[in-house]
Amino acid sequence: MKKTLRTTSLALFAAALSLGLASCGDQKTTETTETNTTAPMVDSAAMMTDSARMGKTGGIEVGGAMMTPDKDIVDNAVNSKDHTTLVAAVKAAGLVETLKSAGPFTVFAPTNAAFNELPNGALAGLLKPESKDKLASVLKYHVIAGRIMAADLRDGQELTTVNGEKVKVTVKDGQVMINNATVTIPDVVSSNGITHVINQVLLPPAAK
């Protein structure tokens, strides 16, 4: 009788052990499946472009119009009522095709009010056909080759502009300045770069 009980107990123990191992095997299989299912989703998100991410959250309003990442820098700027002077200057300087190219570019974009603060006659003189090269030089002083967000800028940093001259960055209490101009609207994303709206026209040393 004792031998029978012992044999029965061993059989039950073996069955329980077998069931436990089978259960562990099932759990590992489930975890592996979940990992394999979520991995491609993470990879897809990591491969999304900046334009795709911004497209889900919308653009930034500038000059009464929405600047959206599906448009290039020029196409966004022409919709801003605060940048009609800048757009006219870009056209007069023959830089439209450049700023519509792949880039990427970072543009510090003066408002109409900023251009109005130039000395009397300065803007009219720059817009004359014979001043095309000088105008182009001034506008290129507002452009950096590359994509620079406001968070990338550091106090005391110097950036080399497309015209070869440098601008100085000042960051204080979260406010960014480029030379003496204050960035009023940062991080306007376009398909070929970034625009930062500024409240003064940047003048290269040669134009002062």
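**Figure 1. Surroundings of S190 in the predicted model.** In this predicted model, S190 belongs to strand 8, which covers residues 181–190. S190 has a relative accessible area of 5% and is therefore classed as buried, the limit for that class being under 20%. The side chain of S190 is joined to that of N76 by a polar contact of 2.9 Å. When residues up to four places away in sequence are not counted, S190 touches T68, P69, K71, D72, I73 and N76, so that N76 appears both in this list and as the partner in the polar contact.

**Figure 2. D70 in the loop between strand 2 and helix 3.** D70 is found in the loop that runs between strand 2 (65–67) and helix 3 (73–77). In contrast to the buried S190, D70 is exposed, with a relative accessible area of 61%. A polar contact of 2.5 Å links the side chain of D70 with that of T68, and T68 is also one of the residues that S190 touches. Although D70 and S191 are separated by 121 residues in sequence, their C-alpha atoms lie 5.4 Å apart in space.

**Figure 3. The largest pocket and its lining.** The largest pocket holds about 370 Å³ of space. Its lining is made up of 30 residues, and those that lie nearest the centre of the pocket are I73, L86, V90, L99 and V107. At least two lining residues are supplied by each of helix 3, helix 4 (84–92), helix 5 (96–99), strand 3 (105–110), helix 8, strand 8 and strand 9 (193–198), with the largest share, 5 residues, coming from strand 3. Sorted by class, the lining of the largest pocket contains 21 nonpolar, 7 polar and 2 charged residues.

**Figure 4. The second largest pocket.** The volume of the second largest pocket is about 240 Å³. This pocket is lined by 12 residues, of which N180, Q200, V201, L202 and L203 are the closest to its centre. The lining of the second largest pocket divides into 7 nonpolar, 3 polar and 2 charged residues.

**Figure 5. The enclosed cavity.** With a lower limit of 30 Å³, the count comes to 1 cavity, and the space within the largest cavity amounts to about 40 Å³. The residues lining the largest cavity are F115, L118, L123, L126, L135, V138, L139, V201 and L203, and the elements that give two or more residues to this lining are helix 7 (122–126) and helix 8 (132–140). Helix 8 provides the largest share of the cavity lining, with 3 residues. By class, the lining of the largest cavity has 9 nonpolar residues, with no polar and no charged ones. V201 and L203 are named in the cavity lining and also among the residues closest to the centre of the second largest pocket.

**Figure 6. Nonpolar cores and the contacts of V107.** The largest nonpolar core has 22 residues, and L99, V107 and L139 are those with the most contacts inside it. Helix 3, helix 4, strand 3, helix 6 (112–116), helix 7 and helix 8 each contribute at least two residues to this core, and helix 8 gives the most, with 4 residues. Once neighbours within four places in sequence are set aside, V107 is in contact with I73, L99, H142, V143, I194, T195 and H196. Another core, of 14 residues, lies apart from the largest one and includes Y141, I178, V183 and I198. L99 and V107 are named in the largest core and also among the residues nearest the centre of the largest pocket, while L139 is named in the largest core and in the cavity lining.

**Figure 7. Backbone details at P104, N179 and D187.** The peptide bond leading from G103 to P104 is cis, with omega near 5 degrees, and P104 is placed in the loop between helix 5 and strand 3. N179, although not a glycine, has a positive phi of about 55 degrees; N179 lies in the loop between strand 7 (175–178) and strand 8. A relative accessible area of 23% makes N179 partly exposed, because this class covers values between the 20% limit for buried and the 50% limit for exposed residues. D187 is likewise not a glycine and has a positive phi of about 60 degrees, and D187 has its place in strand 8, the strand in which S190 is also found.

Methods
Residues numbered from 1 in each chain as written. Predicted model: local features only at pLDDT ≥ 70, side-chain atom pairs only at ≥ 80, totals over all residues. Heavy atoms only, no water. Buried < 20%, exposed > 50% of the residue type's maximum accessible area, 1.4 Å probe, protein only. Polar contact = N/O pair within 3.5 Å; in protein donor to acceptor, adjacent residues only side chain to side chain. Contact = heavy atoms within 4.5 Å. 1 Å grid on protein atoms, 1.4 Å probe; cavity = no way out; pocket = protein on both sides within 12 Å on 5 of 7 lines; lining within 4 Å. Points joined across faces, edges and corners; volume = space filled by probe spheres on them. Nonpolar A, V, L, I, M, F, W, Y, C, P; charged D, E, K, R; others polar. Core = buried A, V, L, I, M, F, W, Y, C linked by side-chain atoms within 4.5 Å.
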